[in-house]
Amino acid sequence: MCGIIGAVGTQNVSGLLLQGLKRLEYRGYDSAGIAVISPNQQLQRIRTAGKVQVLIDEVGKNSLDGNTGIAHTRWATHGRPSENNAHPHTAGDAIAIVHNGIIENHESLRHRLLSEGCHITSDTDSELIAHLIHQKIRQGVDTLTAVRSLIQQLKGAYAIGVINKDEPGRLFATRFSSPLVIGLGEEGTFISSDTLALRPVATQVIYLEDGDVADITSDTVTIYGINGEKVNRPSHKIPSNHEIASKGKYPHYMLKEIFEQPDAMSRTIQSRMTTHQVMAEAFGVNAADIFRRTKRIQIIACGTSYHAGLVSKYWFEEIIRIPCEVEIASEYRYRNHIIEPGTLFITLSQSGETADTLAGLRLAKTSGYLATLSICNVAESSLVRESDLVLLIDAGFEIGVASTKSFTCQLEALFMLMIALGHAHALDALKETDMIRELRAMPGYAEEVLKLNAAIQKIAKGLEHKQNCFFIGRGIQFPVAMEGALKLKEISYIHAEAFPAGELKHGPIALIDNSIPIVALAPNDDMIGKMKSSLEEILSRGGNIVLLTTGQTGMENRDGISVIHMPHVPKLLAPIIYAIPLQLLAYHAAVLKGADIDQPRNLAKSVTVE
Ligand code: AGP
């Protein structure tokens with residue numbers, strides 16, 4: 001779980017590289033290093049054991065000046081944490097490289113390089129990459145060709161940044177099954193293992209695909225595909241800090257954040273998947289091995305994050321048949337658990353600072369779990385720093401107290417985790433490709449449902465003067481109903497409760513009359529027949545239904561039913577899309593009631609106390 005940053009700038013880039021490392025420190029912090037090409041074309045390198053601050057202090061004592069450079073924060077896999085094993089690694093005092101990932105054929109490569117007279121100074125698999133490049137250059141090729149030759153020589157996962165003192169002003173990058181992005185900014189061009197690290201310096205980001213090699217200068221990027229042909233990779237806008245911190249054209253952060261979902265969802269899945277595979281590496285260096293050994297899952301979380309966990313239980317159990325328990329963190333931490341061998345412990349949190357979730361994680365770390373994994377939106381958070389594996393959701397700052405885009409991005413992340421786990425347990429390759437295709441379509445569906453905003457605003461008028469509201473769903477839609485109820489109660493202060501539709505007649509139906517609206521989630525899935533029966537039972541007792549359904553179910557507006565027409569979405573992914581109209585419904589109901597949307601009474605964005 002190392003972090004890479006590289007830059008070719010118009011001025012000295014060492015400060016930018018160190019700031020980038022600080023933002024990447026959550027990925028690993030047992031040692032760090034930086035290398036730049038100095039104005040007199042020498043390679044200057046400083047490495048230190050310990051946290052990034054130790055490196056920053058060391059750089060402060062020396063002068064490090066160069067327009068081209070790379071830096072790295074390490075989380076040891078091959079070779080203990082030490083200055084000697086820290087990146088950048090060099091070869092021939094000319095080549096410096098940073099690497100994230102694992103080179104699986106490192107033993108045979110090391111053996112070969114040693115027999116050919118290479119002087120290898122560290123215990124790492126990464127240093128071998130520098131020697132492979134240097135060897136090629138000594139045979140008379142340029143750095144670009146030497147970097148391209150790595151594809152034939154390396155097995156495993158890698159994201160690599162390379163500089164050569166003899167080609168100043170150029171930075172080379174390649175990746176395979178390990179994330180690497182290129183950032184385009186005013187002060188130069190950057191590479192990073194993580195978009196988040198580029199946010200302050202870049203306005204656009206390009207996602208490299210497996211086998212791509214990039215030749216980068218301060219104002220150009222040329223990318224070659226796996227077969228050596230020049231390829232065009234689209235660039236995507238990174239919202240600026242100003243855009244993030246302002247409401248823009250929206251009256252409230254919550255509405256802005258609801259509308260940001262298509263972009264946030266795209267960012268969350270980009271660079272974590274190829275067309276046929278989720279990169280286990282995106283979760284951390286030894287994720288693939290941990291996933292192979294995972295037999296069960298325990299998830300803990302609070303509030304909205306808990307609801308995301310409940311949805312994922314259906315995915316883990318139905319698609320890949322891995323048993324999954326989901327528990328509210330404040331309950332989990334005070335129970336005496338039975339922990340089965342091979343259980344992966346997962347925390348879900350937008351903020352990464354929720355006290356109960358963090359306490360649950362700390363307890364879990366001493367309880368014999370296989371490993372801990374966190375899905376989180378804040379790179380620097382305690383949860384991220386303290387977990388063995390991490391997947392950042394990249395939803396962007398969420399300022400509104402009501403969590404919206406984090407929920408849909410958490411669901412995407414959990415779906416990716418399910419695919420990666422499935423892959424480690426021999427999931428059918430075609431099924432894997434299909435699910436990835438479906439997941440990629442989600443931001444498009446989100447765009448589509450956001451067009452329902454005006455229709456939902458009208459329907460919300462029916463909630464304005466109500467005291468109570470019920471939400472119903474079945475199967476995988478039940479946790480979405482719970483999330484809809486939470487959204488409505490927290491910002492509009494209307495009492496809202498969710499029930500599995502089948503449970504209505506075991507009690508709640510006693511409350512139904514025309515004073516209580518019932519929001520029903522009824523996609524055209526295998527539960528639709530049963531949902532229709534529940535809806536009839538409600539109508540015959542005078543209930544008023546807000547129905548989220550698709551054209552295929554044949555249900556239309558009629559007395560007692562207002563329909564929100566949803567697109568037809570693959571059943572298992574439908575929760576991601578059905579959550580969005582519920583956010584809008586809660587938002588508009590709260591606006592009509594004149595509530596404080598972004599800072600509802602008694603609530604805090606991050607619950608850091610018990
Ligand atoms: C959701 O809208 C909430 N305000 C709240 O329930 C939140 O989801 C919960 O406090 C958990 O926060 P976290 O995701 O930051 O851990």
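Guide: Before we look at the ligand, one term is needed: a polar contact is a pair of N or O atoms within 3.5 Å. Please also keep in mind that the model above is a predicted one.

Visitor: How far from an oxygen atom of the ligand does a polar side-chain atom of Thr354 lie?
Guide: Thr354 is listed among the closest of the residues that surround the ligand, together with Ser305, Ser349, Gln350 and Glu490. Because a polar contact needs N or O atoms within 3.5 Å, the separation between the polar side-chain atom of Thr354 and the oxygen atom of the ligand can be held against that limit, and its value is 2.4 Å.

Visitor: Which residue places a backbone N or O atom 3.0 Å from a nitrogen atom of the ligand?
Guide: Two residues have to be kept apart here, and the part of the residue that takes part helps us to do so. In Lys487, a polar side-chain atom lies 3.0 Å from an oxygen atom of the ligand, so that residue does not fit a question about backbone atoms and a ligand nitrogen atom, whereas the 3.5 Å limit is again the one for a polar contact. The residue with a backbone N or O atom 3.0 Å from a nitrogen atom of the ligand is Val401.

Visitor: How much of the accessible area of the ligand does the protein cover?
Guide: A polar side-chain atom of Lys487 lies 3.0 Å from an oxygen atom of the ligand, and we can now turn from single atoms to the surface. On its own, the ligand has 410 Å² of accessible area. Of this area, the share that the protein covers is 91%.

Visitor: Which elements give two or more residues to the shell around the ligand?
Guide: The shell can be described by class, with 5 nonpolar, 8 polar and 2 charged residues. It can also be described by domain, with at least three residues from each of domain 2 (253-440) and domain 3 (450-592). By element, those that give two or more residues are helix H12 (303-318) and helix H20 (478-492).

Visitor: Let us move to the strands; which residue in E13 is the bridge partner of Asp215?
Guide: Strand E12, residues 213-216, pairs with strand E13, residues 221-224, in the antiparallel sense over 4 bridges. The two strands form a hairpin with 4 residues between them. Within this pairing, the partner of Asp215 is Thr222.

Visitor: Which residue in the turn between E13 and E14 has a positive phi?
Guide: E13 also pairs with strand E14, residues 230-231, in the antiparallel sense, here over 2 bridges, and Tyr224 has Lys230 as its bridge partner in E14. These strands form a hairpin with 5 residues between them. The turn residue with a positive phi, of about 90 degrees, is Gly228.

Visitor: Is Asp394 buried or exposed?
Guide: Asp394 is found in the loop between strand E20 (389-392) and helix H16 (405-424), and its side chain is joined to that of Arg199 by a polar contact of 3.3 Å. Since buried means under 20% relative accessible area, and Asp394 has a value of 3%, the class of Asp394 is buried.

Visitor: How far apart in space are Met273 and Pro179, C-alpha to C-alpha?
Guide: Met273 is found in the loop between helix H10 (261-269) and helix H11 (287-293), where it is buried with a relative accessible area of 6%. Along the sequence, Met273 and Pro179 are 94 residues apart. In space, their C-alpha separation is 8.9 Å.

Visitor: Which peptide bond leading to Pro88 is cis?
Guide: Pro88 has its place in the loop between strand E4 (68-74) and strand E5 (89-91). With omega near -5 degrees, the cis bond is the one to Pro88 from His87.

Visitor: Does Arg321 count as buried, partly exposed or exposed, and what is its relative accessibility?
Guide: Arg321 has its place in the loop between H12 and strand E17 (324-328), and it has a positive phi of about 60 degrees although it is not a glycine. Because exposed means over 50% relative accessible area, Arg321 counts as exposed, with a relative accessibility of 66%.

How values were computed. Residues are numbered from 1 along each chain as its sequence is written. This is a predicted model: local features need pLDDT of at least 70, side-chain atom pairs count only at pLDDT 80 or more; totals for chains, interfaces and linings use all residues. Side-chain values use heavy atoms; hydrogens and water are left out. A residue is near a molecule or strand if one of its heavy atoms lies within 4 Å of it. A polar contact is a pair of N or O atoms within 3.5 Å; within protein, one must be able to donate a hydrogen and the other to accept it, and residues adjacent in sequence count only if both atoms are side-chain atoms. Accessible areas come from the Shrake-Rupley method with a 1.4 Å probe; for residues, only the protein chains shown count as cover. Ala, Val, Leu, Ile, Met, Phe, Trp, Tyr, Cys and Pro count as nonpolar, Asp, Glu, Lys and Arg as charged, and the others, Gly among them, as polar. Domain bounds come from an automatic or database domain assignment. Two strands pair if DSSP finds at least two bridges between them. Buried means under 20% relative accessible area, exposed over 50%, partly exposed in between (1.4 Å probe, protein chains only).
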